[in-house]
Amino acid sequence: MVHGELWTVKEYFVYPNEYIYWTIQIVMYPFMTGLVAGAFVLSSLYHVFGVKQLKDIARFSLVFSFALLPVAMLPLMLHLQQPQRGIEVMMTPHFTSAIAAFGIVFTTYGMIVASELWFVYRGYFVETALALRQIGDRTVGQHFRYLLYSLLILGAWDVSEHALEKDERAVKILAGTGIPVACFLHGYAGFIFGSVKANALWMTPLMPVIFICSAVVSGIALCMLTYIVTMELRKLLYTWQRKQDPALPSGEELKSVETNVVIMTARYLIMFLILAITLELLDLIFRGYTAVKSWDILRSVIYGKDFVNIFVIQYGLGNLAPFILFLLPRLSVKRAVVGTMLVLLGVFMMRWNVVIGGQAFSSSFAGFMHYHLPIWPESMETFKEGLFGALTVAVTPFILFWLLNKVLPVFRAVNDER
Amino acid sequence: MISRRNFCKKTMLLVGGMALPLTAFELFDPNKLLADKTDTAPVRWVFLVDTKKCVGCGFCVKACKTENETPYDANVTRTWVERYVVTRDGRTHIDSPKGARDGFTTARVDIGEGRFEEIKGEDVDKAFFVPKLCNQCDNPPCVQVCPVGATYQAADGVVLVDRKWCIGCGYCVMGCPYGVRFFHPVYHVAEKCNFCYHRITKGMKTACVDACAFGARRIGNIKDPDDPVTRIIMTERVNVLKEEYGTKPQVFYIGLSKEVK
Amino acid sequence: MKNHVWRPLYVALAIVLLILTARLFLVPKDFGVWERGYMYSWHRKGNEADWRAVKVKYKTTVYCKECHAREFNAINNSPHANIMCENCHGPALGHPEDPPTLTIDRHRDLCARCHALLPYKAGGRADIRGIRIDEHHPEAECVLCHWPHNPRQKGGA
């Protein structure tokens, strides 16, 4: 079986060499990079625009953005037929191709986020390293931590007021610079699709903008959701620990912080959601109105085969339902959880409907291709390009986040000013 | 509060530092960036297909698979033949069973999923065969989108794929409007018709041109005014596929009907 | 610079330097911009020679004619004149050294490619005399009665 043959069923006239080549991993990739960009923008809302209520979620989303970054590479590595040659994108980039931008943009963005994290945590690194140094008889674990933190400090041990102020300024600049880079990171992913003139569904100048908007939406939604989940876990932990230490904040105090943050963040979510929906509907309306050569086959895909995927799941459940949920007065945390989950579903379906939907019809405009996602990983191919590969990609950021949290703790003591 | 002077200094340094990785990739002469408009190459390969002569025997596909070592039973092929049957009810039936590797031996049209459409002879208004292969475009979109420079255009116009450099991303496969590219089932890199480069550069013809007993396929050099293929392209009415994409394809068709996809 | 703020930038520059150094070792020397400019000719020049060096399989009829003049003359004066010998006999490759003999494909499917009757009125196919392959002696090989080197000759080989 040639690559693609296993999960493609052809109907009517499809060119002999045409199969669905860009499958679930190519759906996961813009989804993950979208989360990266969105998480970063959310973090920058605090650092650049000084929205004080978002302080807690800002640090959280910055670390999460960094945890998501290597995961953005993962679907590509699983998709490439020659993954060991992946480094060639950095070695001989062909910049006429949008994918070549990947090497530069990814590296630049990674360096910005890493640098910003360094400035945010440098004080903590120094504190911890000094405290560990005091311990005369270090265990292996403690010694390892001491060495790690000492290395991460990069020789900048000065934690005077003046030095910390410099850190703050640097964070502000990096957060500001990072926003256009994050936009570029996801805009180029949209460009990858929007510039393919051979694909009638993908070809539109709106694609980069639609991708950026839905990326920000997904990033904010994921950060909100994970923030709420971790806060709930913290509350449980604190309630248990409070039995020993009554000085710790009570569940109610924590909860009020949570709801305010959620309401604030939800407002930004709505803004970008409106923008994303507007552009997508605009694209659809224009296509139907101008009715060029490809409209016949596109119409049968959009209003026929993919009707449920597009209008019921993506627009209905993924856009309209959360829109209503967030706009109704007295937003509760529980409602926000449902809303963010639906938003994430909507953004995922948008990627699915673009990638898979774009390959649902043949370039001959006279045939269809049906995609059957491989469920059980019987071979390397069905793992990499199947459900389990996608699940691996989905789960990895959380594992990385958990690991990162050990070095860059997201939740610090409540009375800590920074 | 940072002074304006310091801010300017630091911004410039920052931008300069970020520009460094970009300039490091600036390895080429700005002059060479622009495609050479004064093309002085002595050869530019072009192909001529006469759909009036094609009988749908599929010898071309068989020869191509053998010559270029495309696995015979794999459902991919560098070249193929499409059959168009227009019936009296105005419907167009199109198929290409196994890329016409075994020819067309039945009037039943293959519509995929193991189903066939029976077509009675008296219902047929128009029926013809259209051989297809890589157009070796003058503005190849597949080359434009390759992220690593694994596919490229040689000076004589043929678009080739470097099997040792291709990363298998599939962008070129998605970028081709004609659907001529695919993943090689053995090498797992991008693959497509290359006008039998190993034959034409030795003065031979492509395998499909040699295999065609009806003269439906011909190859020539558009730079040579005395080439019979060039003469036909210049003096007779020929057409190309999907001109609206701006790819400037170099496979010319005689008898290209409006139904052809 | 005294300011610790620049430390991450140094790390970033070090990484870039690392990538540029790796380039020196990993990128082939003949990789660059060639005749058609950066957009269309960014590649490893040596690959063109790789493709030119691929082995030729089909030698074409002029090659067969050298030794098999009798068969060539027979078929050249028949309606099958334009069919390349190797279409039915397979590619010559290194024949006569390797392989010493070529196959003779006697299967019905080979002839059916052109001679399966299709109900199309115009075009090249309509000019070929065809048979209904399911009805016209489906149990027998065509060459039992028809001589492919000269189909006008009655009675097979």
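Colleague: Hi! Where chain A meets chain C, how many residues does the contact take from each?
Modeller: The contact takes 14 residues from chain A and 13 residues from chain C. Keep in mind that this is a predicted model.

Colleague: Which elements give two or more residues to chain A's side of that?
Modeller: Those are helix H3 (88-91), helix H4 (101-134) and helix H6 (161-194) of chain A.

Colleague: And how do the residues on that side divide by class?
Modeller: On the side of chain A that touches chain C, eight are nonpolar, four are polar and two are charged.

Colleague: What about chain B and chain C, how many residues does that contact take?
Modeller: There, 54 residues come from chain B and 43 residues from chain C. Several elements of chain B give two or more residues to its side, including helix H1 (4-24), helix H3 (59-67) and strand S7 (151-153). By class, the chain B side has 31 nonpolar, 14 polar and nine charged residues.

Colleague: Can we zoom in on one spot? Where is Ala154(B)?
Modeller: Ala154(B) sits in the loop between S7 and strand S8 (159-161) of chain B.

Colleague: Buried or exposed?
Modeller: Ala154(B) counts as buried, because it has 26 C-beta neighbours inside 10 Å and the cut-off for buried is 20 or more.

Colleague: Which residues does Ala154(B) touch?
Modeller: Leaving out residues up to four places away in sequence, Ala154(B) touches Leu160(B) and Glu48(C). There is also a long-range detail: Ala154(B) and Arg44(B) are 110 residues apart along the chain, and their C-alpha atoms are separated by 9.7 Å.

Colleague: Okay, sheets next. What is the strand order in the sheet with S11 of chain B?
Modeller: That one is an open sheet of three strands in chain B, ordered S11-S1-S12, with mixed pairing. Strand S11 (217-221) and strand S12 (251-254) of chain B are at the edges with a single partner strand each, so one side of each has no neighbour in the sheet. On average, neighbouring strands of this sheet are turned by 25 degrees against each other, direction ignored.

Colleague: How many bridges join S1 to S11 there?
Modeller: Five bridges join strand S1 (residues 45-50) of chain B to S11(B), and the two run antiparallel. Trp45(B) has Asn221(B) as its bridge partner in S11(B), while Leu48(B) stands opposite Arg218(B).

Colleague: Why is S11(B) described as largely enclosed by the rest of the structure?
Modeller: Because four of the five residues of S11(B) are buried.

Colleague: Which helix lies across that sheet's strands?
Modeller: Helix H8 (residues 228-235) of chain B lies across S1, S11 and S12 of chain B, and H8 runs at about 95 degrees to S11(B).

Colleague: And what order do the strands have in the sheet with S3 of chain B?
Modeller: The order is S3-S2-S6 in chain B, an open sheet of three strands with antiparallel pairing. Strand S3 (92-95) and strand S6 (124-132) of chain B are the edge strands, each with a single partner, so one side of each is left without a neighbour in the sheet. Strand S2 (residues 80-87) of chain B pairs with S3(B) over four bridges, and Val86(B) stands opposite Thr92(B).

Colleague: Back to chain A. At what angle do H1 and H7 cross?
Modeller: The axes of helix H1 (residues 24-47) and helix H7 (residues 207-241) of chain A cross at roughly 70 degrees and come within 6 Å. H1(A) and H7(A) are therefore roughly perpendicular to each other.

Colleague: Which residues meet there?
Modeller: Among them, Pro30(A), Phe31(A) and Leu35(A) in H1(A), and Phe211(A), Ile220(A) and Cys223(A) in H7(A). The contact of H1(A) with H7(A) divides into 14 nonpolar, five polar and no charged residues.

Colleague: Any backbone oddities? Where are the cis peptide bonds to Pro96(C) and Pro99(C)?
Modeller: One joins His95(C) and Pro96(C), with omega about 10 degrees. Another runs from Asp98(C) to Pro99(C), with omega near 10 degrees. Pro96(C) is in the loop between helix H6 (85-89) and helix H7 (108-115) of chain C, and Pro99(C) is in the loop between H6 and H7 of chain C.

Colleague: Last one: what is phi for Lys98(B)?
Modeller: Lys98(B) has a positive phi of about 55 degrees, although it is not a glycine. Lys98(B) lies in the loop between S3 and strand S4 (109-112) of chain B and counts as partly exposed, with 18 C-beta neighbours inside 10 Å.

Methods. Residues numbered from 1 in each chain as written. Chains lettered and ligands numbered in written order. Predicted model: local features only at pLDDT ≥ 70, side-chain atom pairs only at ≥ 80, totals over all residues. Contact = placed C-beta atoms within 7 Å. Nonpolar A, V, L, I, M, F, W, Y, C, P; charged D, E, K, R; others polar. Axes fitted to C-alpha atoms, helices over the stretch in contact; angles between N-to-C directions. Parallel < 35°, antiparallel > 145°, perpendicular 65-115°, else oblique. Pairing = 2+ DSSP bridges. Buried ≥ 20, exposed ≤ 12 C-beta atoms within 10 Å, placed from the backbone.
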